[in-house]
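The following exercises practise the reading of a protein structure. Please study the sequence and the model before attempting each task.

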Amino acid sequence: MGKMDYVSNLKEWQSEFTFNITITVRFSETNLFGHMNNTVPFVYFEEARIEYLNYLGLMQEWVANHSEIIPVVADLQCDFLQQVYFGEKINVFVKIANVGNSSIDLHYMGINPNGEICFTGRNALVNINHHTGRSEKWKNDWKEKFLSELKYSVSV
(Lines give C-alpha, C1' and ligand atoms only; values in the text may rest on other atoms or scores of the structure.)
Protein backbone atom coordinates (compact mmCIF):
# COMPACT_ATOMS: atom_id res chain seq x y z
CA MET A 1 0.00 0.00 0.00
CA GLY A 2 1.25 3.47 -0.87
CA LYS A 3 2.20 6.10 1.66
CA MET A 4 -0.53 8.62 2.34
CA ASP A 5 0.94 11.62 4.18
CA TYR A 6 -2.40 12.35 5.87
CA VAL A 7 -2.66 8.84 7.39
CA SER A 8 -0.39 7.91 10.29
CA ASN A 9 -2.16 4.74 11.48
CA LEU A 10 -4.28 3.11 8.76
CA LYS A 11 -6.47 0.93 11.04
CA GLU A 12 -7.23 3.81 13.39
CA TRP A 13 -7.82 6.22 10.50
CA GLN A 14 -10.16 3.75 8.78
CA SER A 15 -12.15 3.13 11.97
CA GLU A 16 -12.95 6.84 12.33
CA PHE A 17 -15.26 6.96 9.27
CA THR A 18 -18.99 6.83 9.96
CA PHE A 19 -20.63 8.43 6.90
CA ASN A 20 -20.65 6.88 3.42
CA ILE A 21 -22.50 6.67 0.15
CA THR A 22 -22.53 3.80 -2.35
CA ILE A 23 -21.70 4.46 -5.98
CA THR A 24 -21.81 1.97 -8.85
CA VAL A 25 -19.01 2.56 -11.36
CA ARG A 26 -20.63 3.57 -14.64
CA PHE A 27 -19.42 2.41 -18.07
CA SER A 28 -18.65 6.02 -19.03
CA GLU A 29 -16.23 6.23 -16.08
CA THR A 30 -14.00 3.46 -17.40
CA ASN A 31 -11.38 3.15 -20.11
CA LEU A 32 -10.98 0.58 -22.89
CA PHE A 33 -9.73 -1.99 -20.36
CA GLY A 34 -12.73 -1.56 -18.04
CA HIS A 35 -10.68 0.25 -15.37
CA MET A 36 -12.08 3.33 -13.70
CA ASN A 37 -10.54 6.51 -15.11
CA ASN A 38 -8.18 8.23 -12.65
CA THR A 39 -10.26 11.44 -12.63
CA VAL A 40 -13.41 9.71 -11.37
CA PRO A 41 -12.61 9.50 -7.62
CA PHE A 42 -12.63 13.30 -7.53
CA VAL A 43 -16.25 13.26 -8.73
CA TYR A 44 -17.04 10.60 -6.09
CA PHE A 45 -15.37 12.77 -3.43
CA GLU A 46 -17.57 15.68 -4.48
CA GLU A 47 -20.72 13.58 -4.34
CA ALA A 48 -19.82 12.17 -0.91
CA ARG A 49 -18.82 15.63 0.38
CA ILE A 50 -22.12 17.20 -0.74
CA GLU A 51 -24.18 14.37 0.78
CA TYR A 52 -22.21 14.63 4.03
CA LEU A 53 -22.60 18.42 4.26
CA ASN A 54 -26.27 18.03 3.41
CA TYR A 55 -26.55 15.43 6.20
CA LEU A 56 -24.99 18.00 8.56
CA GLY A 57 -27.62 20.52 7.42
CA LEU A 58 -25.21 23.02 5.87
CA MET A 59 -25.76 22.70 2.12
CA GLN A 60 -29.24 24.19 2.37
CA GLU A 61 -27.87 27.46 3.70
CA TRP A 62 -24.93 27.60 1.29
CA VAL A 63 -27.07 27.15 -1.82
CA ALA A 64 -29.67 29.70 -0.71
CA ASN A 65 -29.80 32.77 -2.96
CA HIS A 66 -29.10 35.10 -0.04
CA SER A 67 -25.94 33.34 1.14
CA GLU A 68 -22.87 35.56 1.19
CA ILE A 69 -20.50 32.73 2.04
CA ILE A 70 -19.67 29.62 0.08
CA PRO A 71 -17.46 26.61 0.71
CA VAL A 72 -14.60 26.36 -1.81
CA VAL A 73 -12.31 23.38 -2.35
CA ALA A 74 -8.81 24.82 -1.87
CA ASP A 75 -6.92 21.62 -2.65
CA LEU A 76 -7.74 18.02 -3.46
CA GLN A 77 -5.68 14.87 -3.72
CA CYS A 78 -6.23 11.17 -4.33
CA ASP A 79 -4.08 8.11 -3.71
CA PHE A 80 -4.86 5.01 -5.77
CA LEU A 81 -4.39 1.67 -4.01
CA GLN A 82 -6.45 -0.90 -5.98
CA GLN A 83 -7.90 -0.99 -9.46
CA VAL A 84 -11.62 -0.32 -9.75
CA TYR A 85 -13.77 -1.78 -12.52
CA PHE A 86 -17.01 -1.12 -14.35
CA GLY A 87 -20.06 -2.25 -12.37
CA GLU A 88 -18.34 -2.40 -8.97
CA LYS A 89 -20.22 -0.90 -6.05
CA ILE A 90 -17.84 1.36 -4.15
CA ASN A 91 -18.60 2.66 -0.67
CA VAL A 92 -17.17 6.17 -0.54
CA PHE A 93 -16.59 7.37 3.02
CA VAL A 94 -16.00 10.97 4.13
CA LYS A 95 -15.06 12.44 7.49
CA ILE A 96 -13.83 15.68 9.01
CA ALA A 97 -10.19 15.27 9.96
CA ASN A 98 -9.39 18.78 11.16
CA VAL A 99 -11.28 21.99 11.92
CA GLY A 100 -9.72 25.43 11.49
CA ASN A 101 -11.12 28.94 11.92
CA SER A 102 -12.27 29.19 8.29
CA SER A 103 -11.50 25.75 6.86
CA ILE A 104 -11.97 22.06 7.43
CA ASP A 105 -9.86 19.16 6.23
CA LEU A 106 -11.92 16.28 4.85
CA HIS A 107 -10.67 12.75 4.28
CA TYR A 108 -12.09 10.16 1.89
CA MET A 109 -11.87 6.40 1.49
CA GLY A 110 -13.26 4.17 -1.27
CA ILE A 111 -13.92 0.51 -0.35
CA ASN A 112 -14.68 -2.19 -2.94
CA PRO A 113 -17.07 -5.15 -2.43
CA ASN A 114 -14.16 -7.27 -1.10
CA GLY A 115 -13.61 -4.77 1.73
CA GLU A 116 -10.35 -3.49 0.20
CA ILE A 117 -9.43 0.18 0.18
CA CYS A 118 -9.28 1.20 -3.50
CA PHE A 119 -8.46 4.86 -3.10
CA THR A 120 -8.11 7.49 -0.41
CA GLY A 121 -8.05 11.25 -0.52
CA ARG A 122 -8.22 14.51 1.30
CA ASN A 123 -9.11 18.12 0.68
CA ALA A 124 -9.28 21.49 2.38
CA LEU A 125 -12.65 23.19 2.24
CA VAL A 126 -12.45 26.94 2.90
CA ASN A 127 -15.29 29.26 3.91
CA ILE A 128 -15.15 32.14 1.39
CA ASN A 129 -17.10 35.40 1.31
CA HIS A 130 -18.82 35.45 -2.07
CA HIS A 131 -18.39 39.21 -2.49
CA THR A 132 -14.82 39.76 -1.24
CA GLY A 133 -13.29 36.43 -2.25
CA ARG A 134 -11.58 36.25 1.16
CA SER A 135 -11.81 33.52 3.73
CA GLU A 136 -14.23 34.09 6.57
CA LYS A 137 -14.50 32.45 9.97
CA TRP A 138 -17.08 29.70 10.35
CA LYS A 139 -20.29 30.67 12.11
CA ASN A 140 -20.14 29.43 15.70
CA ASP A 141 -22.91 26.85 15.25
CA TRP A 142 -21.23 25.47 12.09
CA LYS A 143 -17.86 25.19 13.82
CA GLU A 144 -19.51 23.44 16.78
CA LYS A 145 -21.14 21.00 14.37
CA PHE A 146 -17.78 20.30 12.70
CA LEU A 147 -16.07 19.81 16.05
CA SER A 148 -18.79 17.46 17.26
CA GLU A 149 -18.31 15.38 14.10
CA LEU A 150 -14.57 15.36 14.70
CA LYS A 151 -15.02 14.25 18.30
CA TYR A 152 -17.62 11.67 17.26
CA SER A 153 -15.42 10.14 14.58
CA VAL A 154 -12.41 9.92 16.89
CA SER A 155 -14.34 8.18 19.66
CA VAL A 156 -15.74 5.43 17.40
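Four exercises follow, each with a worked solution.

This is a predicted model, in which local features need pLDDT of at least 70 and side-chain atom pairs count only at pLDDT 80 or more, while totals for chains, interfaces and linings use all residues. Residues are numbered from 1 along each chain as its sequence is written, and side-chain values use heavy atoms, with hydrogens and water left out.

**Exercise 1. Confidence**

Task: State which element of the protein chain has the lowest mean pLDDT and which the highest.

Solution. Step 1: pLDDT is the predictor's confidence in each residue, from 0 to 100. Step 2: the protein chain averages 91, and 94% of the residues score at least 70. Step 3: elements are DSSP runs numbered from the N terminus, namely helices (H or I, at least four residues) and strands (E, at least two). Step 4: helix H4 (residues 140–155) has the lowest mean, 78, and S1 has the highest, 98.

**Exercise 2. The sheet**

Task: Determine the order of the strands in the sheet, and describe the two faces of S1.

Solution. Step 1: two strands pair if DSSP finds at least two bridges between them. Step 2: the 5 strands form an open sheet in the order S1-S3-S4-S5-S2, with antiparallel pairing. Step 3: strand S1 (19–24) and strand S2 (69–80) are the edge strands, each pairing on one side only. Step 4: S1 and S3 are joined by 6 bridges, and Ile-23 stands opposite Ile-90 in S3. Step 5: between strand S4 (residues 103–111) and strand S5 (residues 117–129) there are 9 bridges; Leu-106 has Asn-123 in S5 as its bridge partner. Step 6: in a regular strand the side chains alternate between the two faces of the sheet. In S1, the covered face holds Phe-19, Ile-21 and Ile-23, whereas Asn-20, Thr-22 and Thr-24 belong to the uncovered face.

**Exercise 3. Helix H2**

Task: Explain why the length of H2 agrees with its number of residues, and identify its buried residues.

Solution. Step 1: the expected span of a helix is 1.5 Å times one less than its number of residues. Step 2: H2 has 16 residues and should therefore span 22 Å; its end C-alpha atoms are 23 Å apart, which agrees. Step 3: buried means under 20% relative accessible area, exposed over 50%, and partly exposed in between (1.4 Å probe, protein chains only). Step 4: the buried residues of H2 are Val-40, Pro-41, Tyr-44, Phe-45, Ala-48, Arg-49, Tyr-52 and Leu-53. Step 5: after H2 comes Gly-57, with a positive phi near 85°.

**Exercise 4. Three residues**

Task: Classify Glu-116, Ser-102 and Arg-122 by their accessibility, and describe the surroundings of each.

Solution. Step 1: Glu-116 is found in the loop between S4 and S5. Its relative accessible area is 33%, so Glu-116 is partly exposed. Step 2: a polar contact is a pair of N or O atoms within 3.5 Å; within protein, one must be able to donate a hydrogen and the other to accept it, and residues adjacent in sequence count only if both atoms are side-chain atoms. The side chains of Glu-116 and Asn-112 make such a contact at 2.8 Å. Step 3: Ser-102, in the loop between S3 and S4, has a relative accessible area of 18% and is therefore buried. Step 4: contact means heavy atoms within 4.5 Å. Leaving out residues up to four places away in sequence, Ser-102 touches several residues, including Leu-125, Ser-135 and Trp-138. Step 5: Arg-122 lies in S5 and, at 11% relative accessibility, counts as buried. Its side chain makes a polar contact with that of Asp-105 (2.6 Å).
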